[in-house]
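This report looks at burial, salt bridges and one helix in a single chain. The structure is shown first.

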Amino acid sequence: MTLLDIPPLRYRRNGTMGPANVNNVTSSQPATWPAKAAKARLHYVSGKGGTGKSTVAGALALALAAGGRRVLLVEVEGRQSIAQLFDLPPLPPTETKIATADGGGEVVALALDVPHAFLEYLEMFYNLGFAGRALKRMGAVDFVTTLAPGLKDVIITGKIKECVNRIDKTGHRTYDAIVVDAPPTGRITTFLDVTKAMAEMAKGGPVMNQAIGVSELVHSEQTMVHLVTLLEALPVQETADAVADLTSNHFHVGAVIVNRASEPFLPADAIGAAADGRLDRVAIAESLHKAGLPVNDTAIDGLLTEASEYAMRVQAQNECAAALEKVDVARMRLTALTDGVDLGGMYELAEQLAEQGVR
């Protein structure tokens, strides 16, 4: 079985229902949100560049916010991808409400700015707010965060931890869940583990305590790392490598999310024949004639070539799906959006995640 036989989902877009366009790929495991992920509060979303990890992070935040929950969506790479996805102007380095979800839920965004977070850090742990602002005017903050290896990641993960643990005036958690649009798979383990290295280097005091606290959080069952992939050779291989690396470093992998799935246009029994150039030319000509379409050798040759190339792509996807089957992690999938990723598409993807158990 491969990922391409999963039944189509149904999605809601602009208040209407309709069939989703999904890969006809099957899986020996049900495509569903794993129970351990449902219990977590901090979700890192990573993936090879180009797989759509930022889009998936945004959709996951919307899905988790449904039912009246408050979710923080954090961006750490300074690309303002959240603003683009939600059709907003560039976001400030402060928490800003960007969307509502079913049941009165809301998504708040934080486009993390390292100098801004560093000044917060100095004020919170060293009571150096005034001195920190003076350092910023002198350009020292940028110098320090660039000079010290790993310090940027320590500041970012420390700020995320503060958001996870923050309590409001009523004594409740400020956020029910936090979703992080994390660095790509090639850097995710180093990014998460940098505080452990910092704790080992520090002699003591607030820096070491903060680093230890962050390390304990990201290694706990409160934190899940989700990996986004496409059914292509390089993303699948990077995903498999990342799962092995994260697991060996004692992080909890939640789900592998197959993105941009698409439904095959040819029936399964015709894929092999099309790839091998064995389709019945005469039968195709007769079908075109019955449909009232032009029938000539040029048109049929072009159609057969397109069918062969397409079938070979489907076969390659099936091979990637089979390789993904060997990775012992829960799998989910999102459809390819025919109209591209816009705000309506984000809600559509969130609905698909909800259909697969995201709560």
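## Asp153 and its partner

Asp153 is buried in this predicted model, because its relative accessibility of 9% falls under the 20% limit. Its side chain forms a salt bridge with that of Arg187, at 3.0 Å from N to O. The two residues belong to distant parts of the chain: Asp153 lies in helix α7 (residues 151-165) and Arg187 in helix α8 (residues 185-201), with their positions 34 residues apart.

Which class does Arg187 fall into, buried, partly exposed or exposed? With a relative accessible area of 36%, Arg187 is partly exposed. The bridge therefore pairs a buried acid, Asp153, with a partly exposed base, Arg187.

## Helix α7

The helix that holds Asp153 has 15 residues. From first C-alpha to last, α7 reaches 21 Å, close to the 21 Å expected at 1.5 Å a residue.

How many residues of α7 are buried? Twelve of the 15 are, and the helix is mostly covered. Among the buried residues are Leu151, Val154, Ile155, Ile156, Ile160 and Val164, as well as Asp153. The list also includes Lys159, Lys161 and Cys163.

Glu162 is partly exposed, because its relative accessibility of 22% lies between the 20% and 50% limits. Glu162 takes part in a salt bridge with Arg166, where the closest N and O atoms are 2.9 Å apart.

## A salt-bridge network

Elsewhere, salt bridges link Lys53, Glu77, Arg79 and Asp181 in a network. Within this group, Glu77 pairs with Arg79, and their closest N and O atoms are 3.4 Å apart. This distance meets the criterion for a salt bridge because the cut-off is 4 Å.

Both members of the pair are classed as partly exposed: Glu77 has a relative accessibility of 31%, and Arg79 has a relative accessible area of 41%. The count of salt bridges comes to 15.

## The chain as a whole

The chain contains 14 helices and eleven strands. Of its 359 residues, 49% count as buried. About 17100 Å² of the chain is exposed, and carbon and sulfur atoms supply 56% of that area.

Among contacts with a separation of 6 or more, 71% come from residues 24 or more positions apart. The salt bridge between Asp153 and Arg187 likewise joins distant parts of the chain.

Definitions and conventions. Residues are numbered from 1 along each chain as its sequence is written. This is a predicted model: local features need pLDDT of at least 70, side-chain atom pairs count only at pLDDT 80 or more; totals for chains, interfaces and linings use all residues. Side-chain values use heavy atoms; hydrogens and water are left out. Helices (H or I, at least four residues) and strands (E, at least two) are DSSP runs, numbered from the N terminus. Buried means under 20% relative accessible area, exposed over 50%, partly exposed in between (1.4 Å probe, protein chains only). Contact means heavy atoms within 4.5 Å. Accessible areas come from the Shrake-Rupley method with a 1.4 Å probe; for residues, only the protein chains shown count as cover. The expected span of a helix is 1.5 Å times one less than its number of residues.
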